Amino acid sequence: MGRVTRVVIIGGGPGGYESALVAAQLGAEVVVVDSDGLGGSAVLTDCVPSKTLIATAELMTDLATAPELGIGLVDHTAPASQVEVDLARVNARVLRLAAEQSSDIGRRLEREGVRVVRGRGHLDGPERVVVTGADGETETIEADAVLVATGAAPRTLPTAEPDGERILTWEQVYDLTETPEKLIVVGSGVTGAEFASAYMALGIEVVLVSSRDRVLPGEDADAAEVLEQVLTRRGMAVMNKSRMESVTREGDVVTVRLTDGRSVSGSHCLLALGSIPNTAGLGLESAGIAVDEGGFVKVDRVSRTTARGVYAAGDCTGVLMLASVAAMQGRIAMWHFLGDAVAPLDLKKVSSNVFTAPEIATVGWSQQAVDAGEIVAEAVRLPLAGNPRAKMQGVRDGFVKLFCRPGTGIVVGGVVVGPRASELIHPISIAVAESLTADQLANAFTVYPSNSGSVAEAARRLHHPKV
């Protein structure tokens, strides 16, 4: 028998632990170097906590529509505001679920024979990882392949430094035990929009400060317009074209000053200013690994860096900051290095979701790409308000949009805006991944009544009779 292949993975997030499972399955000897807890930010400080918080917010959103469905408080004179959120209990549950998920990952890795080393790892050349433990002790681990999956951290500015009490990053909000009276969210990308939507649903006054001319500038424009209309209708103050200059605190008051001289004050401020990669101090350059001007590790579509035998996955690559993409990058790296069947990463098949209320889910080619002439596609947009199930549920906002190629009718993209859009996007995602036609998507049976019926109906509207 030949020598066992040794794989060392720096980082225990989705890019790290998912690749570890693949490498172990393919017979490698696997070590995961983990500094902050298995699951990484996705499980401990980002995806799992924020979506758990949002699940509570969804319940409050549903309660707001309850009277229309004939449901009210037993005391009919009582105001709806009697339903209140205990943020301390919500956050305790959030952190408990995150810790449990992290423990589950640890048990899974142990079952598969993966060794987990606690500490911070850095490269000593492309074939050696040095781990420094909390006690300062070091261990050197030889490797045939190294995967760098160190993630990213919230971006801050010298003029807007978080204090962990009233000026917060999205990783610090779960330490709140008192409900903010007025929350100012700076940044209208996915993270900012999600937290603003969630905290407003929890009954908190929210001001969203956006430097761009609309919320979610990177998402489908029609979808962003619907979301902004819903948020403002529900009482959120959305300040577009408002660039933050500084955030300061005096006692219990936080003030956000804008570059045009205006200012807005509240009890708390949440900074959602993007992410910076955790790539400093890893010994990348000395190992021959190129990074871009932002510090992100340069990788190709099979996750290779510029150093032979060294791969990278996840947010530290800046390819697409999604846990699902990090996991796929990590799996692809191991399939590639260990000689299994592998297909390069195809970002046009990635489905993603913005967990606002309503949710916004997308896959494949976008409206922006179609409008820019990057791809020729027909589009149809079907409002959810006409769907019988949506009517039963009191849903008025949202739509299904499909893009297909003229001639072949192959589905190349789609957008869903509405409750549980993250689930409704899946049939469109399958159509895009498998190059199904609009007719094939339309002819698959859907349940009546169901919101998924709108996906089939949109596909039917893209049908061209054969002459």
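Leaving aside its neighbours within four places in sequence, which residues is leucine 462 in contact with? The answer is Glu378, Ala379, Val380, Leu402, Cys404 and Ala438. Keep in mind as you look that this is a predicted model. Leucine 462 sits in the segment after α12, the helix of residues 453–460. Is leucine 462 buried or exposed? Leucine 462 counts as buried because its relative accessibility is 6%, and the cut-off for buried is under 20%. You can also find arginine 405 from here: 57 residues separate arginine 405 and leucine 462 along the chain, and their C-alpha atoms are 9.8 Å apart.

Now step back to the whole chain. The domain assignment gives domain 1 as 6–153 + 277–347, domain 2 as 167–273 and domain 3 as 358–462. Let us follow the meeting place of domain 1 and domain 2. Their C-alpha centres lie 26 Å apart, and 18 residues of domain 1 are in contact with 16 residues of domain 2.

The size of an interface is often given as the accessible area lost when the parts come together. Between domain 1 and domain 2, the buried area is about 1,500 Å², and carbon and sulfur atoms give 65% of that area. Three residues stand out on the domain 1 side: Thr45, Leu53 and Leu87 supply 32% of the area that domain 1 buries against domain 2, more than any other three residues.

What about charged and polar pairs? Domain 1 and domain 2 have one salt bridge between them. Look for lysine 51 and glutamate 194, which form a salt bridge with their closest N and O atoms 2.9 Å apart. There are also five residue pairs in polar contact between domain 1 and domain 2. On the side of domain 1 that touches domain 2, α3 (47–64) and α4 (87–111) each supply at least two residues. The largest share, nine residues, comes from α3. Sorted by class, this side of domain 1 has 10 nonpolar, six polar and two charged residues.

Salt bridges make a good trail through the rest of the model, which holds 24 of them. One joins the side chains of arginine 120 and aspartate 36, at 3.3 Å from N to O. This pair links distant parts of the chain, 84 residues apart: arginine 120 is in strand β4 (residues 120–123), while aspartate 36 is in the loop between β2 (29–34) and α2 (40–44). Both arginine 120 and aspartate 36 are exposed.

Another salt bridge brings together the side chains of arginine 396 and glutamate 68, at 2.9 Å from N to O. These two are 328 residues apart, with arginine 396 in the loop between α9 (388–392) and β22 (399–404) and glutamate 68 in the loop between α3 and α4. Arginine 396 counts as exposed because its relative accessibility is 56%, whereas glutamate 68, at 47%, counts as partly exposed.

Our last pair is arginine 166 and aspartate 252, whose side chains meet in a salt bridge at 3.5 Å from N to O. Along the chain they are 86 residues apart. Are these two partners buried or exposed? Arginine 166 is buried, with a relative accessible area of 15%, but aspartate 252 counts as exposed at 52% relative accessibility. Finally, salt bridges that share partners join Asp220, Asp222, Arg381 and Lys401 into one network.

Terms used:
Residues numbered from 1 in each chain as written. Predicted model: local features only at pLDDT ≥ 70, side-chain atom pairs only at ≥ 80, totals over all residues. Heavy atoms only, no water. Domains from an automatic or database assignment. Contact = heavy atoms within 4.5 Å. Buried area = accessible area lost by both parts, 1.4 Å probe. Salt bridge = Lys/Arg side-chain N within 4 Å of Asp/Glu carboxyl O. Polar contact = N/O pair within 3.5 Å; in protein donor to acceptor, adjacent residues only side chain to side chain. Helix = DSSP H or I, 4+ residues; strand = E, 2+ residues; numbered from the N terminus. Nonpolar A, V, L, I, M, F, W, Y, C, P; charged D, E, K, R; others polar. Buried < 20%, exposed > 50% of the residue type's maximum accessible area, 1.4 Å probe, protein only.
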